[in-house]
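Work through the exercises below with the sequence and the 3D structure at hand. Each task is followed by a solution in steps.

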Amino acid sequence: MKKAIILSLVMLCLGCVKVGKELPANSLNSIVVNKTTKAQMLAMFGPPVTQSYNSNGQQALGWTPQNIGPFAFSVRTQMLTAIFDENDVVTHYTVNDNKSL
């Protein structure tokens with residue numbers, strides 16, 4: 001019986017996947033436009049998964065952690081994109097948090 005319970009728990013966990021570091025609400029709430037720096041963003045969220053430049057030459061960094069539940073029945077994808085000025089200060093950011101069951 002004990003082996004069956006352990007086997008069931010292992011099977012359940014095998015279907016779970018977590019990619020990237022979750023974006024904590026308290027860290028997201030601490031982003032202040034025209035004040036928060038790139039160094040602070042990197043300290044809060046770690047290395048970004050995307051880096052690009054917009055048409056104004058401003059750098060945009062993106063973080064997109066995903067959490068896929070057992071057997072892919074539930075998926076949570078968060079996305080944070082921040083745009084920085086020439087002094088590496090946040091000028092704009094967007095946050096998306098999508099959950100599907």
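**Exercise 1: a strand pair**

Describe how strand β2 and strand β3 are joined.

Solution. In this predicted model, strand β2 (residues 50-53) and strand β3 (residues 59-63) run antiparallel and are joined by 4 bridges. Next, look across the pair: threonine 50 has glycine 62 of β3 opposite it. Finally, turn to the hairpin that β2 and β3 form, with 5 residues between the strands. Within this hairpin, glycine 57 takes a positive phi near 85 degrees.

**Exercise 2: an aromatic pair**

Classify the pair formed by the rings of phenylalanine 45 and tryptophan 63, and state which parts the pair ties together.

Solution. Begin with the count: the structure holds 1 aromatic pair. The ring centres of phenylalanine 45 and tryptophan 63 are 5.8 Å apart, and the planes stand at 55 degrees, so the pair is tilted. The cut-offs used here are under 30 degrees for stacked and over 60 for edge-to-face. Then place the residues: phenylalanine 45 belongs to helix α3 (residues 38-45) and tryptophan 63 to strand β3, so the pair ties together parts 18 residues apart in sequence. As a last step, check burial: phenylalanine 45 and tryptophan 63 are both buried.

**Exercise 3: the whole protein**

How many helices and strands does the protein have, and in what order do the elements run?

Solution. The count gives 3 helices and 6 strands. Read from the N terminus, the order is α-β-α-α-β-β-β-β-β. For burial, 26% of the 101 residues count as buried. The accessible surface is about 6,900 Å², and carbon and sulfur atoms hold 60% of this area.

Conventions:
Residues numbered from 1 in each chain as written. Predicted model: local features only at pLDDT ≥ 70, side-chain atom pairs only at ≥ 80, totals over all residues. Heavy atoms only, no water. Pairing = 2+ DSSP bridges. Helix = DSSP H or I, 4+ residues; strand = E, 2+ residues; numbered from the N terminus. Phe/Tyr/Trp six-rings, centres within 6.5 Å; stacked < 30°, edge-to-face > 60°. Buried < 20%, exposed > 50% of the residue type's maximum accessible area, 1.4 Å probe, protein only. Areas by Shrake-Rupley, 256 points an atom, 1.4 Å probe, with all protein chains shown as cover.
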